[in-house]
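Ready for some practice in reading a protein structure? Take a pencil, look at the model, and try each task before you read its solution.

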Amino acid sequence: MTLEELKIKLADINNLVVTFQTSVALEKYYSENIVMIEGDGTITTGKQECRKGREVFMNYSGLLR
């Protein structure tokens, strides 16, 4: 992958995040065996579990309606 291709993918990820489409970014770019570490140190493993965590966060934040 070239630097230009990486820049395009990063711009896509950033756009998805700022337009509150994190679930699309998760599906498109995250590995099935992802490990996420939250600010409080909570560790979540696996794409399915991370997806659930993002849904809870977005609902709690009022970003999903």
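The exercises below work through this predicted model, from its overall layout to single residues.

**Exercise 1: The layout of the chain**

Work out how many helices and strands the chain has, and in what order they come.

*Solution.*
- Step 1: Count the elements. The chain has three helices and two strands.
- Step 2: Start at the N terminus and write down each element as you meet it. The order is α-α-β-β-α.
- Step 3: Add a figure for burial. Of the 65 residues in the chain, 15% are buried.

**Exercise 2: Two helices side by side**

Decide how H1 and H2 are oriented relative to each other.

*Solution.*
- Step 1: Recall what to look for. Two packed helices are described by the angle between their axes and the distance between those axes.
- Step 2: Find the two helices. H1 covers residues 3-18, and H2 covers residues 22-29.
- Step 3: Read off the geometry. The two pack at an angle of about 150 degrees, and their axes are 7 Å apart.
- Step 4: Compare the angle with the cut-off. Angles over 145 degrees count as roughly antiparallel, and H1 and H2 are therefore roughly antiparallel to each other.
- Step 5: Note the handedness. H1 passes H2 in a left-handed crossing.
- Step 6: Look at the loop between H1 and H2, where you will find phenylalanine 20. Its phi is near 60 degrees, a positive value in a residue other than glycine.

**Exercise 3: A salt bridge between H1 and H2**

Find the salt-bridge partner of aspartate 12, and say what parts of the chain the pair links.

*Solution.*
- Step 1: Start from the idea behind it. Side chains of opposite charge can pair when their charged atoms come close.
- Step 2: Identify the partner. Aspartate 12 forms a salt bridge with lysine 28, and their closest N and O atoms are 2.7 Å apart.
- Step 3: Place both residues. Aspartate 12 sits in helix H1 and lysine 28 in helix H2; at 16 residues apart, they link distant parts of the chain.
- Step 4: Check the surroundings of lysine 28. Its relative accessibility is 52%, so lysine 28 counts as exposed.

**Exercise 4: Bridges that involve H3**

The structure holds five salt bridges. Examine the one between lysine 47 and glutamate 27, then the one between glutamate 49 and lysine 52.

*Solution.*
- Step 1: Take lysine 47 and glutamate 27. Their closest N and O atoms are 3.9 Å apart. Because lysine 47 lies in helix H3 (residues 47-61) and glutamate 27 in helix H2, the pair ties together parts that are 20 residues apart in sequence.
- Step 2: Ask how covered each partner is. Lysine 47 counts as buried, because its relative accessibility is 7%. Glutamate 27 has 41%, so glutamate 27 counts as partly exposed.
- Step 3: Turn to glutamate 49 and lysine 52, whose closest N and O atoms are 3.1 Å apart. Both lie in helix H3, three residues apart, which is about one turn of the helix.
- Step 4: Check their accessibility too. Glutamate 49 is partly exposed at 39%, and lysine 52 is partly exposed at 41%.
- Step 5: Look for shared partners. Salt bridges that share partners join Glu27, Glu32, Lys47 and Arg51 into one network.

**Exercise 5: Leucine 3 and its patch**

Is leucine 3 buried or exposed, and which residues make a nonpolar surface patch with it?

*Solution.*
- Step 1: Locate the residue. Leucine 3 lies in helix H1.
- Step 2: Use the cut-off. Exposed means over 50% relative accessible area; leucine 3 has 58%, so it counts as exposed.
- Step 3: Name the patch. Met1, Leu3 and Leu6 make a nonpolar surface patch of about 350 Å².

**Exercise 6: Across the chain from H3**

Give the C-alpha separation of lysine 52 from serine 23, and that of glycine 53 from methionine 36.

*Solution.*
- Step 1: Begin with lysine 52 and serine 23. They are 29 residues apart along the chain, and their C-alpha atoms are separated by 9.8 Å.
- Step 2: Move on to glycine 53, which lies in helix H3 and is partly exposed, with a relative accessible area of 30%.
- Step 3: Pair glycine 53 with methionine 36. They are 17 residues apart along the chain, and their C-alpha atoms are separated by 9.8 Å.

Definitions and conventions. Residues numbered from 1 in each chain as written. Predicted model: local features only at pLDDT ≥ 70, side-chain atom pairs only at ≥ 80, totals over all residues. Heavy atoms only, no water. Patch = residues over 30% accessible without salt bridge, like charges linked within 9 Å, V, L, I, M, F, W, Y side chains within 5 Å. Areas by Shrake-Rupley, 256 points an atom, 1.4 Å probe, with all protein chains shown as cover. Salt bridge = Lys/Arg side-chain N within 4 Å of Asp/Glu carboxyl O. Helix = DSSP H or I, 4+ residues; strand = E, 2+ residues; numbered from the N terminus. Buried < 20%, exposed > 50% of the residue type's maximum accessible area, 1.4 Å probe, protein only. Axes fitted to C-alpha atoms, helices over the stretch in contact; angles between N-to-C directions. Parallel < 35°, antiparallel > 145°, perpendicular 65-115°, else oblique. Left-handed = near helix turned anticlockwise from the far one by under 90°.
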